[in-house]
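Student: I would like to test the terms we use against the numbers. Can we go through them one by one?

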Amino acid sequence: MTGLSHVSPPRVLAISSGGGHWVQLLRLAPAFEGAEVHYACTDADAAGDVSAAPFFSYPDANKSQPIKLALTAIRIACIIVRVRPDVIVSTGAAGGGLAVMMGRWLGIRSLFVDSIANAKELSVSAKLALRAADAVFTQWPKVAAQTPAVFRGSVL
Amino acid sequence: MIFATVGTQLPFDRLLGALDSWAGGQHRTSVFAQTGRSGVDFHNLECTPFMAPSMFRDAVERARVIVGHAGMGTILTAAELGKPVIIMPRRAAFGEHRNDHQLATASEMRKLPNVLVAEDETQLSEALGLAMSETSGHGGCISPYASPDLLSAVSDFIRGGHVE
């Protein structure tokens with residue numbers, strides 16, 4: 001390694017469902033400074049919140065809708081192939097969990113930040129992410145004390 | 001104007017019905033409601049099923065009081081804009097959500113200065129009376145960003161830092 005080699009900024013895929021998950025993802029924006037961020041959300045209208053950055057949408061689904069979940073997975077796989085991120089960051093829910101799992105298969109580092117709504121226990125998606133993500137954050141110290149997720153602060 | 005919002009995933013007619021009854025007894029207060037997939041006609045509410053995030057934020061900005069389910073999008077947006085918000089947690093027992101996590105959210109979020117929690121129709125009416133009579137501030141706006149420790153942990157992760 002030479003000290004003169006150019007280091008390109010890390011490419012980040014920041015992905016979440018709409019509503020509260022998306023509001024929490026946007027509250028992480030300063031952490032993406034210096035990175036090349038691509039956003040993905042279940043709500044196509046969320047593009048207006050990140051007009052300067054590349055944006056993708058994907059269909060919403062949860063674990064009780066297997067066919068929709070499969071379509072969601074296919075769309076997210078396409079997004080990951082297009083973006084080729086170095087890092088995946090998600091604030092949930094199901095789509096974020098799927099992205100983290102695909103990241104694992106493709107050797108992409110991933111961080112799952114569970115919603116601050118989950119004050120008593122981890123969400124289903126966070127439990128899934130525990131098996132695949134490089135790091136899972138909970139926003140509650142008492143949840144961190146009971147689970148393998150770690151507490152590193154909150155969106156508030 | 002009061003802005004009511006129940007998110008996009010599931011209906012929450014217990015909240016909207018209670019608000020509709022309350023609004024029927026008011027004369028000068030208009031209520032604009034984002035109702036999701038509700039099949040009910042609320043005669044005293046001006047309703048829209050879904051809103052783009054930017055429209056949602058505008059409605060919160062224009063409202064005097066926000067009424068919503070205990071969803072974090074509602075709570076965080078109201079806190080960012082310094083608006084009082086009354087939240088009613090969805091209950092799994094009434095088929096309002098898959099589980100009772102909104103009870104835990106509500107009991108934690110009531111610690112915020114701008115948040116009031118209403119468990120039922122009576123408490124909602126009381127909270128509305130309280131919030132509408134409030135003329136002074138309600139704790140101001142929170143920062144638009146996450147806590148510095150979370151931001152630096154996420155930033156460290158992106159730059160290849162190892163998380164214990």
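Tutor: Start with contact. Two residues are in contact if their C-beta atoms, placed from the backbone, lie within 7 Å. Keep in mind that this is a predicted model.

Student: What share of the contacts in chain B with a separation of 6 or more comes from residues 24 or more positions apart?

Tutor: The share is 54%.

Student: How do you know that the radius of gyration of chain B agrees with a compact globule?

Tutor: Set the value against the rule. The rule is 2.2 Å times the number of residues to the power 0.38. For 164 residues that gives a radius near 15 Å, and chain B has 17 Å, which agrees. Along its principal axes, the C-alpha trace of chain B spans about 55 × 40 × 30 Å.

Student: Which elements make up chain B, and in what order?

Tutor: Chain B has six helices and six strands. From the N terminus they run β-α-β-β-α-β-α-β-α-β-α-α.

Student: Why is B:Ile75 called buried?

Tutor: The cut-off is 20 or more other C-beta atoms within 10 Å. B:Ile75 has 27, so it is buried. In chain B as a whole, 43% of the 164 residues count as buried.

Student: Where is B:Ile75, and what does it touch?

Tutor: B:Ile75 is in helix α3 of chain B, residues 72-80. Beyond its neighbours within four places in sequence, B:Ile75 contacts B:Val85, B:Ile87, B:Met109 and B:Val115. Take B:Met109: it is 34 residues from B:Ile75 along the chain, with 8.0 Å between the C-alpha atoms.

Student: What makes α3(B) largely enclosed by the rest of the structure?

Tutor: Count its buried residues. Eight of the nine pass, so α3(B) is largely enclosed. They are B:Met72, B:Gly73, B:Thr74, B:Ile75, B:Leu76, B:Thr77, B:Ala78 and B:Ala79. After α3(B) comes B:Gly82, with a positive phi near 65°.

Student: Why is α1(B) called oblique to α5(B)?

Tutor: Helix α1 (residues 13-24) and helix α5 (residues 121-133) of chain B pack at about 50°, with axes 10 Å apart. Under 35 degrees would count as roughly parallel, and 65 to 115 as roughly perpendicular. The angle falls in neither range, so α1(B) is oblique to α5(B). Their crossing is right-handed.

Student: Which residues make that contact of α1(B) and α5(B)?

Tutor: α1(B) gives B:Ala18, B:Leu19 and B:Trp22. α5(B) gives B:Glu121, B:Leu124, B:Ser125 and B:Leu128. By class, five are nonpolar, one is polar and one is charged.

Student: How do you know that α2(A) is oblique to α3(A)?

Tutor: Apply the cut-offs again. In chain A, the axes of α2 (residues 66-83) and α3 (residues 94-106) come within 10 Å and cross at roughly 55°. That angle is not under 35 degrees and not in 65 to 115, so α2(A) is oblique to α3(A). The crossing is right-handed. Among the residues in contact are A:Leu69 and A:Ile76 of α2(A) and A:Leu98 and A:Met102 of α3(A). The contact divides into 10 nonpolar, two polar and no charged residues.

Student: How many residues are in contact between chain A and chain B?

Tutor: 35 residues of chain A contact 29 of chain B. On the chain A side, α1 (20-26) and β4 (87-90) are the elements that give two or more residues. The largest share, four residues, comes from α1(A). By class, the chain A side has 20 nonpolar, nine polar and six charged residues.

Methods: Residues are numbered from 1 along each chain as its sequence is written. Chains are lettered from A and ligands numbered from 1 in the order in which they are written. This is a predicted model: local features need pLDDT of at least 70, side-chain atom pairs count only at pLDDT 80 or more; totals for chains, interfaces and linings use all residues. Ala, Val, Leu, Ile, Met, Phe, Trp, Tyr, Cys and Pro count as nonpolar, Asp, Glu, Lys and Arg as charged, and the others, Gly among them, as polar. A residue is buried if 20 or more other C-beta atoms lie within 10 Å of its own, exposed if 12 or fewer, and partly exposed in between; C-beta atoms are placed from the backbone. Axes are lines fitted to C-alpha atoms, for helices over the stretch in contact, and angles run from 0 to 180 degrees between N-to-C directions. Angles under 35 degrees count as roughly parallel, over 145 as roughly antiparallel, 65 to 115 as roughly perpendicular and the rest as oblique. A crossing is left-handed if the near helix is turned anticlockwise from the far one by less than a right angle, and right-handed if clockwise.
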